[in-house]
Each structure stands twice: as structure tokens, then as C-alpha cells.
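Here is a friendly walk through one protein chain, from its overall outline down to single residues. Have the viewer open as you read.

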Amino acid sequence: MDDGATMAWATGLFEGEGCIYVSGRKVRLTLVMSDRDVVERFQQAVGCGSVRLRKPQKDHWSEMHAFQVGDAEQVLGVLTKMLPLLGSRRRGKAEEAMRVAEETVRRKAVEFAHGTHSRYIQGCRCDDCRASNTRRCQEYRQRRRQTAA
Ligand SMILES: [Zn+2]
């Protein structure tokens with residue numbers, strides 16, 4: 001199969017068996033099936049994600065194989081390729097997920113380096129970022145003392 005046919009196959013499969021999850025700023029695509037070879041072929045077609053065995057919760061249930069991708073950039077890449085091929089049933093949800101993923105990618109792009117006060121403001125509390133905040137506070141107090149004197 002050429003790339004176009006491969007993607008059309010993957011999209012058709014996803015349309016029937018796949019799931020798009022959007023929760024806050026997180027997006028996730030999953031495809032759960034009992035045929036591992038099909039799930040692996042899907043993973044190869046979209047070029048990302050992982051396939052994991054899902055142990056049956058009851059003895060008589062069959063083993064399921066779960067494809068999953070949760071990286072915003074990768075989700076965006078997959079949905080961008082699928083969107084023109086998707087039917088109307090999934091299109092709305094796919095577009096919603098793409099908006100959320102785009103926002104997450106954009107946010108990541110402006111992430112400041114560790115050890116900067118800006119990163120601390122973004123919410124990081126690693127040692128480097130905390131140290132930079134401590135430094136900032138000390139400088140601030142010093143300036144205030146100088147102004148007061
Ligand atoms: Zn940090």
C-alpha cells in the first residue's frame with residue numbers, strides 16, 4: 001500500500017474502533033482490539049504511539065491490545081493526516097482535540113529554561129527554578145533596603 005492508501009485504511013479503522021479523549025489540556029488517541037497484528041499495523045501506519053497488552057479483567061474475556069498516543073505534537077500530526085479522510089461522525093471531536101493539542105504545543109514552545117524565574121512563574125518547583133526564585137526575592141529585598149536607606 002502507498003502512504004495514501006495506508007492512511008485511508010488506518011483512518012477507516014480508527015473511525016470504527018478508535019477513541020479520541022479530550023480532558024482539560026490533555027488529548028489522547030486509543031485503539032483497542034483483540035487482534036494484535038491489526039493494532040500494530042495501525043501503529044506503523046500512523047508512525048507513533050505504543051501498543052500494550054491489556055490483561056482481561058475476567059477469565060473468559062479475551063486479551064486486548066491497546067494502541068495509545070498522548071503526546072500533543074504526535075496527536076496533532078496523526079489527526080492532521082486523518083482529518084480529510086474522517087467521516088462526519090468523528091470530525092467534530094477530532095477538530096476539538098486538534099485545537100487542544102495545538103494549544104498545548106504552543107504552550108510548550110514558549111516554555112522557559114529551568115533555573116529562570118519565568119519558569120518558576122510557570123509553575124516549576126525544581127531545585128534550579130526554586131533557587132532562581134530565592135535569588136529574585138533576595139535581590140528584591142536588597143533593592144527595597146537600598147530605597148529605604
Ligand atoms: Zn525547573
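Domain bounds in this report come from an automatic or database domain assignment. On that basis the protein is divided into domain 1 (3–111) and domain 2 (117–148), and the C-alpha centres of domain 1 and domain 2 lie 42 Å apart.

Two notes on reading the model will help. Residues are numbered from 1 along each chain as its sequence is written. This is a predicted model, in which local features need pLDDT of at least 70 and side-chain atom pairs count only at pLDDT 80 or more, while totals for chains, interfaces and linings use all residues.

**Overall outline**

The protein has six helices and four strands; helices (H or I, at least four residues) and strands (E, at least two) are DSSP runs, numbered from the N terminus. Their order along the sequence is α-β-β-α-β-β-α-α-α-α.

How does the radius of gyration of the protein relate to that of a compact globule of 149 residues? The protein has 23 Å, whereas such a globule would have a value near 15 Å. The radius is taken over C-alpha atoms, and the globule rule is 2.2 Å times the number of residues to the power 0.38. Along its principal axes, the C-alpha trace spans about 75 × 40 × 25 Å.

Burial is counted from C-beta atoms placed from the backbone: a residue is buried if 20 or more other C-beta atoms lie within 10 Å of its own, exposed if 12 or fewer, and partly exposed in between. Buried residues make up 18% of the 149 residues. Two residues are in contact if their C-beta atoms, placed from the backbone, lie within 7 Å. Of the contacts between residues at least 6 apart in sequence, 49% join residues at least 24 apart.

**The strands**

Strands count as paired if DSSP finds at least two bridges between them. The table lists the pairings.

| Strands | Sense | Bridges | A residue pair |
|---|---|---|---|
| Strand 1 (residues 18–23) and strand 2 | antiparallel | six bridges | V22 and V27 |
| Strand 2 and strand 4 | antiparallel | five bridges | M33 and H65 |
| Strand 3 (residues 50–54) and strand 4 | antiparallel | five bridges | V51 and F67 |

Strand 1 and strand 2 form a hairpin with two residues between them. In its turn, G24 has a positive phi of about 60 degrees.

Strand 4 pairs with strand 2 and with strand 3. A66 in strand 4 is the bridge partner of V32. In a regular strand the side chains alternate between the two faces of the sheet. Strand 4 follows this alternation: H65, F67 and V69 point to one face and are buried, while M64, A66 and Q68 point to the other and are not.

**The nonpolar core**

A nonpolar core here is a set of buried Ala, Val, Leu, Ile, Met, Phe, Trp, Tyr and Cys residues joined through C-beta atoms within 7 Å. The largest one has 20 residues, and F42, V75, V78, L79, A97 and A101 have the most contacts inside it. At least two residues each come from helix 1 (3–17), strand 2 (26–33), helix 2 (36–46), strand 4 (64–69), helix 3 (72–82) and helix 4 (88–109). Helix 3 gives the most, with five residues.

Which residues does A101 touch, leaving aside its neighbours within four places in sequence? They are V27, A72, V75 and L76.

**Helix 6**

Why does helix 6 lie largely in the open? Of its 22 residues, the number buried is two. The expected span of a helix is 1.5 Å times one less than its number of residues. For helix 6 (residues 127–148) that comes to 32 Å, and its end C-alpha atoms are 31 Å apart, which agrees.

**Three exposed positions**

D35 sits in the loop between strand 2 and helix 2. D35 is exposed, with 11 other C-beta atoms within 10 Å. Although D35 and H65 are 30 residues apart in sequence, their C-alpha atoms are 6.9 Å apart.

P84 belongs to the loop between helix 3 and helix 4 and counts as exposed, with 10 C-beta neighbours inside 10 Å. P84 and T11 are 73 residues apart in sequence and 9.6 Å apart, C-alpha to C-alpha.

S88 is found in helix 4 and is exposed, with 6 other C-beta atoms within 10 Å. From S88 to V69 there are 19 residues in sequence and 22 Å in space, C-alpha to C-alpha.
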